[in-house]
Amino acid sequence: MPPHDVASALRSVRARVDAACRAAGRATADVTLVAISKTHPADAIRAAYAAGQRDFGENYAQELRDKARELADLTDLRWHFVGPLQTNKAKYVAGVACCFHALDRAELAVELGKRVSALGRPLDVLLEVNVGTEASKHGVSPDMVGALHRSVAAVAGLNVRGLMCIPPPRENAEDARADFQRLRALAAEQGLAQLSMGMSDDFEVAVSEGATLVRVGTAIFGPRPAKEAG
Ligand SMILES: *Cc1c(COP(=O)(O)O)cnc(C)c1O
């Protein structure tokens, strides 16, 4: 296989996001492409950065901390944390992230709030919702979103911006549409503007359903090493 060309893959993903925006009658500036760089080396992130990418996402807390150190010279790079987070690792995210996409419990919000308040750097958060009908380990059930929103809104240092979902893997991207619609309706009920939804296989459907943040890994950086399960 020839070496994966991050810059050209990134250009093609951007073009697809733009096309999906046009098709939906949306402004391209309303959708932020978050390049999910988990398991990929700092060099791959530098290549995407050199091609103009600024928002990057990780989903392992220590990996985020280590990469943020390694790439500290890229001062306008914005880190998103999109993975499940153990409370005792909240400090790694609080120290560097601008946005945490997967807040799913009040206890974690309290710990993050303490950490970011001590550091004097507020954190945007999105509440992760389990919109799929299948049982999933992560995310609050739709009927608990209001309660979680109220708890997190009371935590100093955290700004609740929206909702996030990871629909179960499906054969056709179209099959995620109902989940995306459900997330959008829940966000509207809560008066929240940001919708983090859509990955490599279904980001165009997500954009057509109102995604404001799409999380794209494989389509930009190529396949992840096989040892990585999710
Ligand atoms: C890995 C990951 C992604 C990116 O998945 P791809 O299918 O590689 O685009 C998006 N969101 C989360 C939460 C992830 O863990």
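**Ligand site, helix α2 and histidine 80**

A polar side-chain atom of threonine 218 sits 2.5 Å from an oxygen atom of the ligand. The protein covers 92% of the 390 Å² of accessible area that the ligand has on its own. These values, like the others here, come from a predicted model. Two further polar approaches to the ligand can be picked out. With arginine 215, a polar side-chain atom lies 2.9 Å from a nitrogen atom of the ligand. With glycine 217, the backbone does the job: one of its polar backbone atoms is 2.8 Å from an oxygen atom of the ligand.

Arg215, Gly217 and Thr218 belong to a longer list of residues around the ligand, which also takes in Val216 and Arg224. Lower down the numbering, the residues around the ligand include Ile36, Lys38, Asn59 and Val82, and the list is completed by Ile166, Met199 and Ser200. By type, this shell splits into 5 nonpolar, 4 polar and 3 charged residues.

Now for helix α2, which spans residues 42-50. Its buried residues are Ala42, Ala44, Ile45, Ala48 and Tyr49. These five cover an arc of only 160° around the axis, so they end up on the same side of α2. Asp43 and Ala50, on the other side of the helix, are exposed. As for what the buried side meets, its residues pack against three helices, α1 (6-24), α3 (61-70) and α9 (218-221), and against the strands β2 (55-58) and β3 (78-81).

The stretches on either side of α2 each hold a residue with a positive phi. Threonine 39 lies in the loop between β1 (32-36) and α2, and its phi is near 70°. Most residues other than glycine have a negative phi. Threonine 39, then, is a non-glycine residue with a positive value. After the helix comes glycine 52, with a positive phi near 105°.

Strand β3, one of the elements that the buried residues of α2 pack against, is home to histidine 80. This histidine is buried, as its relative accessible area is 3%, under the 20% cut-off. Its side chain makes a polar contact of 2.7 Å with the side chain of aspartate 55. Another polar contact, of 2.9 Å, links the side chains of histidine 80 and histidine 101. Setting aside neighbours within four places in sequence, histidine 80 touches Asp55, Phe56, Gly57 and Glu58, along with Val34, Cys98, Cys99, His101 and Leu213.

Two exposed helix residues round out the picture. Arginine 22, in helix α1, has a relative accessible area of 61% and is therefore exposed, the cut-off being over 50%. From arginine 22 to alanine 106 the C-alpha to C-alpha distance is 38 Å, with their positions 84 residues apart in sequence. Alanine 118 belongs to helix α5 (residues 106-119) and, at 69% relative accessibility, also counts as exposed. Alanine 118 and alanine 94 are 24 residues apart in sequence, and their C-alpha atoms are 9.7 Å apart in space.

Notes
Residues numbered from 1 in each chain as written. Predicted model: local features only at pLDDT ≥ 70, side-chain atom pairs only at ≥ 80, totals over all residues. Heavy atoms only, no water. Buried < 20%, exposed > 50% of the residue type's maximum accessible area, 1.4 Å probe, protein only. Helix = DSSP H or I, 4+ residues; strand = E, 2+ residues; numbered from the N terminus. Arc of directions from axis to C-beta. Contact = heavy atoms within 4.5 Å. Near = heavy atom within 4 Å. Polar contact = N/O pair within 3.5 Å; in protein donor to acceptor, adjacent residues only side chain to side chain. Areas by Shrake-Rupley, 256 points an atom, 1.4 Å probe, with all protein chains shown as cover. Nonpolar A, V, L, I, M, F, W, Y, C, P; charged D, E, K, R; others polar.
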